[in-house]
Amino acid sequence: MNPSGRPLPPELAELLSDPGFTPGAAHLDALFTALGEVDREPARRLERVAARGGARAGLAAAERALLAHGVARARLLAVVGRVAQDEPSARLTAVLLGALDDAHESVRRAAIVALGKLGPKGLEARLLPLWASAGPAEKRALIEALGKVGGEQSRALLAGIGEDDSALLKSAERARLIIARNADRDETATIALDAPLATPHTLWLRCRRGLAEILCDEARSLGAVELADDGGIRFSYAGDFKTLLTLRTALDFGIEIPILEDAQSGLEARVVRALGSEPALAALRAWTHGRPRFRLSFMGRGHQRASVWTIANQVAQTHPFLRNDPRGSTWEVSVAADARKLWLLPRDYDDPRFAYREQDVRAASHPTIAAALARVAGARPDDVVWDPFVGSGLELAERGLLAPFAELHGSDVEPDAIRAARHNLERAGLGNASLVTADARTHVVPGVTLILTNPPMGRRVARDGSLSELLQGFLENAARQIRSGGRLVWLSPQPAKTRQLANEFGLSVERVSNVDMGGFPAELQKISAHS
């Protein structure tokens, strides 16, 4: 049975118009019949849809494939392979292995592609003999599969593909990189926390938009710090990585390496030179135990897969000390949007800063935002602190860890939030905090001097239109009880309205910054009670 270019039957087309359609047993016969009759593109769609049927669909496709021939059999095997990836099955794998001996090239190729993703034991030995008689399309499938499951024999075979076979050369180079990557994946590599850089490097620290000045102030103890035009802060540093992990408002810590201008070279070549420069290699050696493994990304440019493979191949040839490995990386190499610099960003390390955060609730704060709020509020040893929307307790934890205080209080209308906050605060060594289920508009904390909170933003909670009423009721309650000289530090989702209300209630408002809350802004406000 060969495809005739027929359109999808109307009844199937109607079912497939629903993006959530999952086939049942009653649909499989029609799906499999159409699979052998339609053109390539609708067939690919049918393969994906049929595979949603799970183990039942996989076994049915396998049985039908044993009786089918040519392209129809190849497409049924593609369904078998898709199902086997999600639900491993010895029966499905056996059917695919049997298809490696099929007389039809498209059937063998479908089996090779599927098996390469499954990686059953002994697959390399089954695939290598197919190379001698394979055509170009089958060789491309073999190269991809051998890259996933092959060892030294496969690498030697692929090394024999030369410039005279340009159609396969890039695929072969990529496969050899993957084989080498897989071969040394057992080598352990970790970020070295205690080792200094030895020589000064420019560091770029990223934070949430709107918090750069707060991070800048926090980092002044490490040297002369400046705000970066591309967000975050920048400074010269020669110390260890562990010291940087005292900065609680930073999201990322990057070692900045310039990408030198060169009109004669493309971006890939310039990135390779920057990554292989002495400053880059010295930094990677200093802050890595073992061989540095990196993944490559391009800010604002998408995945750039072709460029990633080109760079990875050139780095492997010129600097074999480095290994490109997106799955087991200790570093991310991020190329800036302006292509004038790259950042070496440590990854996969134990970050001690927020280890207390074991439980979470919906719409809870990011810990770096909580840390920023605490720093803006300042710390007084007699502080009676209240978080009226305590969530998972991060604001209270960050204020408690920042400096001495008198009392910590948290309230929330959700009992789950109180449970999460209690657990996290105990983990932070702040188990003496008072936590109650209560309404922020009516709850009273005697002697409160600091209200520190990240309230509902109206995106994920308070969607019923009651947010304005909630914020007004809370501010009125806060103004009634906060002590003279006290302060309220929070993120306002309705800044103009809350500024107006605070003034009406006799409070003074200082606008600190607009903060990126993950796709929408909120205004960081510091509100003071008159002395």
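## Strands, cores and a helix crossing

Strands E7 (residues 293–298) and E9 (residues 331–335) run parallel and are joined by 5 bridges. Keep in mind that this is a predicted model.

**Exercise 1. Work out how strand E7 is paired, and whether E7 is mostly enclosed or open.**

Step 1. Start with E9: its 5 bridges to E7 go with a parallel arrangement. Within that pairing, Leu-296 sits across from Val-333.

Step 2. Now look for another partner. Strand E8 (residues 323–324) also runs parallel to E7, with 2 bridges between them. Here Arg-293 has Arg-323 as its bridge partner.

Step 3. Check burial. Of the 6 residues in E7, 5 are buried, so the strand is largely enclosed by the rest of the structure.

**Exercise 2. Decide whether Leu-342 is buried or exposed, and list what surrounds it.**

Step 1. Find the residue: Leu-342 belongs to strand E10, which spans residues 341–346.

Step 2. Apply the cut-off. Buried means under 20% relative accessible area, and Leu-342 comes in at 0%, so it counts as buried.

Step 3. Collect the contacts, skipping neighbours within four places in sequence. Among them are Ile-255, Ile-257 and Ile-259, along with Val-271, Ala-274 and Leu-275. Leu-342 also touches Val-333, Ser-334, Val-335 and Ala-336. Val-333 is the residue we met opposite Leu-296.

Step 4. For a sense of scale, try Asp-18. It is 324 residues from Leu-342 along the chain, and their C-alpha atoms are 44 Å apart.

**Exercise 3. Describe the largest nonpolar core and pick out a residue to explore.**

Step 1. Get the size: this core holds 80 residues. Helix H17 (residues 367–377) is its top contributor, giving 7.

Step 2. Find the best-connected members. Leu-205, Ile-255, Trp-287, Leu-344, Leu-491 and Leu-524 have the most contacts inside the core.

Step 3. Zoom in on Leu-491. Leaving out neighbours within four places, its contacts include Ile-369, Leu-373, Pro-455, Met-457, Val-515, Met-517 and Leu-524. Thr-453, Asn-454 and Glu-523 are on the list too.

Step 4. Don't stop at one core. A separate one has 55 residues, including Ala-68, Ala-110, Leu-115 and Leu-169.

**Exercise 4. Characterise the packing of helices H11 and H16.**

Step 1. Take the geometry. H11 (residues 166–183) and H16 (residues 305–318) pack at about 60°, with axes 10 Å apart. The crossing is left-handed.

Step 2. Name the residues. Glu-173, Arg-174, Leu-177, Ile-178 and Arg-181 of H11 meet Trp-309, Ala-312, Asn-313 and Ala-316 of H16.

Step 3. Sort them: the contact has 5 nonpolar, 1 polar and 3 charged residues.

Note on methods: Residues are numbered from 1 along each chain as its sequence is written. This is a predicted model: local features need pLDDT of at least 70, side-chain atom pairs count only at pLDDT 80 or more; totals for chains, interfaces and linings use all residues. Side-chain values use heavy atoms; hydrogens and water are left out. A nonpolar core is a set of buried Ala, Val, Leu, Ile, Met, Phe, Trp, Tyr and Cys residues joined through side-chain atoms within 4.5 Å. Buried means under 20% relative accessible area, exposed over 50%, partly exposed in between (1.4 Å probe, protein chains only). Helices (H or I, at least four residues) and strands (E, at least two) are DSSP runs, numbered from the N terminus. Contact means heavy atoms within 4.5 Å. Two strands pair if DSSP finds at least two bridges between them. Axes are lines fitted to C-alpha atoms, for helices over the stretch in contact, and angles run from 0 to 180 degrees between N-to-C directions. A crossing is left-handed if the near helix is turned anticlockwise from the far one by less than a right angle, and right-handed if clockwise. Ala, Val, Leu, Ile, Met, Phe, Trp, Tyr, Cys and Pro count as nonpolar, Asp, Glu, Lys and Arg as charged, and the others, Gly among them, as polar.
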